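Trainee: Could you take me through one part of this model in detail? I'd like to see how a single sheet is put together and what packs on it.

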Amino acid sequence: MNKITYIFSGGRINKANSNSYAEEFFYGYKYLKDKHHNNISIIEFNNISGFLNKIEHKLSKAFSLPLYIFSTINKKNLKSIKETDNLILISESAGFASLLPLIFFKKKYNIKTYMFVMGLYSKKINYKILKIFHNALISLLVSHLDKLYFLGIEEYNIAKNRIKKHEKLVFKPFHIDCEFWNSKDLLNSDKNQILFIGNDGNRDFNLLINIAKLMPDKKFIFVSSNDKLLNLELPNVTVLRGSWKDGLMSDLDLKKIYHDSKLVILPLKKSTQPSGQSVALQSMSMGIPVLITKTNGFWDKVKFIDNENILFESSSNPDSWVNKINYLFKNTELLNKISENSSNLVKENYNMKEFNKYLEKELGL
């Protein structure tokens, strides 16, 4: 028996059993569940209340890490971890939520551990005096992991300079469910909607708002739970509350919004984290061109080529974005080329089918 246990943040079990959601944010769970259903399970960690919650919050802020270290500690979860052969941690948050059980159980029960990384080595340090402890906690977690899968090449390179055992490190960009994010017709010339999606702190919401203000003749749709956007009152902007975590909007709902859009824009702050990755790949898979800030954290600087399969903008000046968007709306031939090329690129290189087979092999199944 080769038992597999995933550790997710709360709310994923219901989504995993629904046809309204694509596969990618379950990191192979749906595929493995279909093939090895008797040997796979999920542990969900949730925000705890009371005194321990306050401790977690203070520790997380002090050490600039998601230290939800008490969130998986109960008899049922500890039993599941002790009995598993393979523990799959879908983020550094899940990693730290599992740290105490790993310290006590990993060697004793010979548990193989795998973690997906997006942002572990690009955290903003709140208190410089505590940086040494920040790094020590990361090293402690890494010492209890067998493999780290990096979703961005820049963060992978940072880790190679900090972790001696390079065999632990794998650059594995995010893959998406291309069968779900699929459109029978690619870019339609009748579309005129510009779409933005996102909530994370690396999105440049101020730049986004200024772009929309400078383009009153264009129709914008913002899908976000960010307060700046939710309180925005512009006649040319429709704001829809939504994030993957809150479940207010399913992937099926989002797919319809993609389908009705002409262009996806992703203004980002400068960062080494691969922000916007899932949105960009979903959009491109459906043949909707993406205009995104070119940051150091962009996940693959070789396969993605400006004006061929994606559109990059280096400037944070809203006028530069406005000029580029206006040019694109007039250049149907360029948009159609990028639509077709981007869809082909994602389906050939970032397809969840390939990732599922890779993970199955990694787990020795």
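Mentor: Helix α9 lies across β7, β8, β9 and β10, and its direction makes about 160 degrees with that of β8. Keep in mind as you look that this is a predicted model. Helix α9 covers residues 205-213, and its buried residues are F205, L207, L208, I209, I211 and A212. These buried residues pack against β7, β8 (219-224), β9 (237-241) and β10, and also against the helices α10 (227-230) and α13 (318-330).

A second helix belongs in this picture. Helix α11 (residues 251-259) also packs on the sheet, where it touches β7, β8, β9 and β10. The direction of α11 is at about 140 degrees to that of β7.

Now for the sheet underneath. It is an open sheet of six strands, and reading across it you meet β9-β8-β7-β10-β11-β12, with parallel pairing. The edges are taken by β9 and β12 (311-313); each has a single partner strand, so one side of each is left without a neighbour in the sheet. On average, neighbouring strands here are turned by 20 degrees against each other, direction ignored.

Strand β10 is a good place to zoom in. It runs over residues 261-266, and six of its six residues are buried, so the strand is mostly covered. With strand β7 (residues 193-197), β10 pairs in the parallel sense over three bridges. To find that pairing on your screen, look for L195, whose bridge partner in β10 is V264. With strand β11 (residues 290-293), β10 again makes a parallel pairing over three bridges. There, I265 stands opposite L291 of β11.

How does the chain get from β10 to β11? By way of helix α12 (residues 277-285): β10, α12 and β11 make a right-handed β-α-β unit. Going on towards the edge, β11 runs parallel to β12, and three bridges join them. In that pairing, I292 has F312 of β12 as its bridge partner.

It helps to set this beside the other sheet of the model. That one is an open sheet of six strands with parallel pairing, in the order β2-β1-β3-β4-β5-β6. At its edges stand β2 (40-45) and β6 (169-171), each with a single partner strand, so one side of each is left without a neighbour in the sheet. The average turn between neighbouring strands is 20 degrees, direction ignored. Inside this sheet, β3 (residues 86-89) and β4 (residues 112-117) pair in the parallel sense over four bridges, and I88 stands opposite Y114 in β4.

Helices pack here as well. Helix α8 (residues 153-162) touches β4, β5 (147-150) and β6, and makes about 160 degrees with the direction of β6. Helix α4 lies across β1 (4-9), β2 and β3, at about 140 degrees to β2. The axis of α4 (residues 75-83) also comes within 9 Å of the axis of helix α6 (residues 99-109), and the two cross at roughly 30 degrees. That contact is made by L78, I81 and K82 of α4 with P101, F105 and Y109 of α6. By type, these residues divide into five nonpolar, no polar and one charged.

Technical notes:
Residues are numbered from 1 along each chain as its sequence is written. This is a predicted model: local features need pLDDT of at least 70, side-chain atom pairs count only at pLDDT 80 or more; totals for chains, interfaces and linings use all residues. Side-chain values use heavy atoms; hydrogens and water are left out. Axes are lines fitted to C-alpha atoms, for helices over the stretch in contact, and angles run from 0 to 180 degrees between N-to-C directions. Contact means heavy atoms within 4.5 Å. Ala, Val, Leu, Ile, Met, Phe, Trp, Tyr, Cys and Pro count as nonpolar, Asp, Glu, Lys and Arg as charged, and the others, Gly among them, as polar. Buried means under 20% relative accessible area, exposed over 50%, partly exposed in between (1.4 Å probe, protein chains only). Two strands pair if DSSP finds at least two bridges between them. A crossover is right-handed if, with the strands pointing away from the viewer, the path from the first strand over the helix to the second runs clockwise.
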